Amino acid sequence: MDRFRIQGPVRLAGRVRASGAKNAALPALAACLLASEPVELSRMPRVRDIRTMSRLLGHLGVASEELGDGTLRLTPGDPEAGAGEAPYELVKTMRAGVLSLGPLLARRGRARVSLPGGCAIGVRPVDQHLAGLAALGAEVRVEGGYVEARVPEPGKRLRGGRFRFAMPTVTGTENVLMAAVLAAGTSVLENCAREPEIGDLARLLTAMGARIEGAGTDTITVHGVAELGGARHEIIPDRIEGGTYLIGAALTGGDVTLEDAEPADLAPLLEKLAETGAAVETEGTRVRVSAPGELSSADVETAPHPRFPTDLQAQYLALMTAARGVASVSETVFENRFQHVPELARLGAVIEVRGGTAKVHGPTALSGAYVMATDLRASACLVLAALAARGETLVHRIYHLDRGYERMEEKLQSLGASVERVAGPEPD
Ligand code: EPZ
């Protein structure tokens with residue numbers, strides 16, 4: 001398995017362009033299952049999860065073609081292809097495969113989708129996805145590790161309904177939204193997630209002919225239509241990828257300008273960085289973060305948007321190893337998202353975890369070591385810590401990183417870092 005060899009310490013400096021958002025590109029691909037005409041998606045990040053989702057679409061009869069420069073053309077084909085099934089082999093490597101459930105059910109009247117198992121960061125049930133689809137009239141059951149869903153009367157559509165999510169769930173909101181756009185009648189979805197990626201999905205669906213109000217707020221109203229066409233759509237910038245490089249600037253005492261970003265989507269992070277004493281400037285689609293002096297610790301608690309994102313918790317925790325004081329980092333979204341802590345301790349960090357809160361002592365001088373990545377954002381955290389550590393660090397299992405970061409080593413090298421990918425056999 002590939003690993004990164006990183007020499008530290010380094011001050012990250014320069015400009016880096018944000019890639020398209022993985023967590024917007026995945027539901028956008030799933031939405032192509034609703035289309036009756038080709039859809040062109042630009043600024044698609046070249047990461048493994050996008051390739052896996054494209055393979056799933058191919059299995060379900062939607063052909064994807066690279067048009068170059070990060071643009072994919074998705075052309076709907078035989079509506080019976082793949083028998084409306086998203087197989088375990090594809091969903092097991094990427095939970096977002098569950099996003100095919102709502103569109104398949106709405107467009108074809110039935111769907112069979114492998115239940116995504118748990119993952120490193122938590123149990124992650126999909127009960128709200130299923131309850132939301134049932135509220136639109138679907139018959140839903142779980143059998144043999146698969147979700148089986150269908151519209152009771154063959155040939156009929158889902159029907160508009162009212163549903164309140166028990167908690168703001170990102171892919172839950174996206175799945176039920178994608179089902180509601182082709183339902184007969186009006187649906188009102190409450191306690192929805194408000195992440196920017198949901199607003200982006202609604203923009204794509206609207207360009208395809210859907211009628212949606214309130215995306216990005218906690219209440220979304222959908223007036224169902226009989227059919228959706230095609231569209232051209234540019235994916236929003238990745239606030240998590242961009243935030244990772246900005247945290248890297250602060251952690252290494254560097255000076256980085258993120259280009260082609262959406263500063264508003266990064267607000268929870270930028271406010272926190274300013275609180276630590278880092279210099280934060282925004283101008284148009286640019287965000288500049290520099291940290292000439294010592295930082296101070298600042299407590300943080302993760303929560304659904306617009307509060308501090310859980311997908312930046314690990315990277316922020318690495319930052320707090322360089323800040324003066326004891327920072328309290330609380331994780332409220334996932335129950336098991338501190339697996340990067342023992343690996344940071346291998347680099348010399350001093351962190352105690354009790355329940356859902358980590359206490360990070362700083363500033364601590366880190367030194368290079370062998371560390372192991374356990375999930376996508378934990379691996380980003382270890383890469384950032386390695387950039388600040390004295391000596392050589394080997395970050396193992398970076399296949400986690402490749403799932404969601406486009407050409408990370410090149411981007412870091414362009415900011416002055418010494419990061420080398422050391423090839424190894426592919427993971428199963
Ligand atoms: C999305 O996952 C993201 N993935 C995650 O990013 C991100 O961490 C998460 O939202 C939170 O922001 C994609 O968009 C593909 P949730 P999702 O449903 O939708 C509980 C990354 O690093 N819940 O909002 O799966 C759940 O267990 C990934 O890019 C239920 O109990 O997350 C969790 O505690 C990791 N029942 C909470 O809600 C349900 O039916 C929020 O999860 C659904 C969710």
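**Close-up 1. Who lines up around the ligand in this predicted model.** The shell around the ligand is a mix: 8 of its residues are nonpolar, 6 are polar and 6 are charged. This is a predicted model, so keep that in mind as you zoom in on each view. Out of the 20 residues around the ligand, the ones that come nearest are Asp127, Thr169, Thr171, Asp311 and Val333.

**Close-up 2. Three side chains that meet the ligand through polar atoms.** Start with Asp127, where an N or O atom of the side chain sits 2.7 Å from a nitrogen atom of the ligand. Now hop over to Thr169: an N or O atom in the side chain of Thr169 is 2.6 Å from an oxygen atom of the ligand. Thr171 joins in too, with a polar side-chain atom 2.6 Å from a ligand oxygen atom. How much of the ligand's accessible area does the protein cover? On its own the ligand has 830 Å² of accessible area, and the protein covers 87% of that.

**Close-up 3. The helices that help build the shell.** Look for α1 (22-31), α5 (127-135), α6 (170-180) and α12 (376-388), since each of them supplies at least two residues of the shell around the ligand. Which helix gives the most? That's α5, with 3 residues in the shell.

**Close-up 4. A four-stranded open sheet.** Follow the strands across and you'll read the order β6-β7-β9-β8, with mixed pairing. At the edges are β6 (85-86) and β8 (139-143), each of which pairs on one side only. In general, strands of a sheet pair through backbone hydrogen bonds, and they can do it parallel or antiparallel. How do β6 and β7 run? They run parallel, and 2 bridges join β6 to β7 (residues 110-114). To spot one such link, find Glu85, whose bridge partner in β7 is Arg112.

**Close-up 5. Arg203 and its neighbours.** Arg203 has its place in helix α7 (residues 196-207). Is Arg203 buried, exposed or something in between? Arg203 counts as partly exposed because its relative accessible area is 46%, which falls between the 20% and 50% cut-offs. Leaving aside residues up to four places away in sequence, Arg203 touches Pro196, His233 and Ile236. Want a sense of scale? Arg203 and Arg286 are 83 residues apart in sequence, and their C-alpha atoms are 23 Å apart in space.

Key:
Residues are numbered from 1 along each chain as its sequence is written. This is a predicted model: local features need pLDDT of at least 70, side-chain atom pairs count only at pLDDT 80 or more; totals for chains, interfaces and linings use all residues. Side-chain values use heavy atoms; hydrogens and water are left out. Buried means under 20% relative accessible area, exposed over 50%, partly exposed in between (1.4 Å probe, protein chains only). Contact means heavy atoms within 4.5 Å. A residue is near a molecule or strand if one of its heavy atoms lies within 4 Å of it. A polar contact is a pair of N or O atoms within 3.5 Å; within protein, one must be able to donate a hydrogen and the other to accept it, and residues adjacent in sequence count only if both atoms are side-chain atoms. Accessible areas come from the Shrake-Rupley method with a 1.4 Å probe; for residues, only the protein chains shown count as cover. Ala, Val, Leu, Ile, Met, Phe, Trp, Tyr, Cys and Pro count as nonpolar, Asp, Glu, Lys and Arg as charged, and the others, Gly among them, as polar. Two strands pair if DSSP finds at least two bridges between them.
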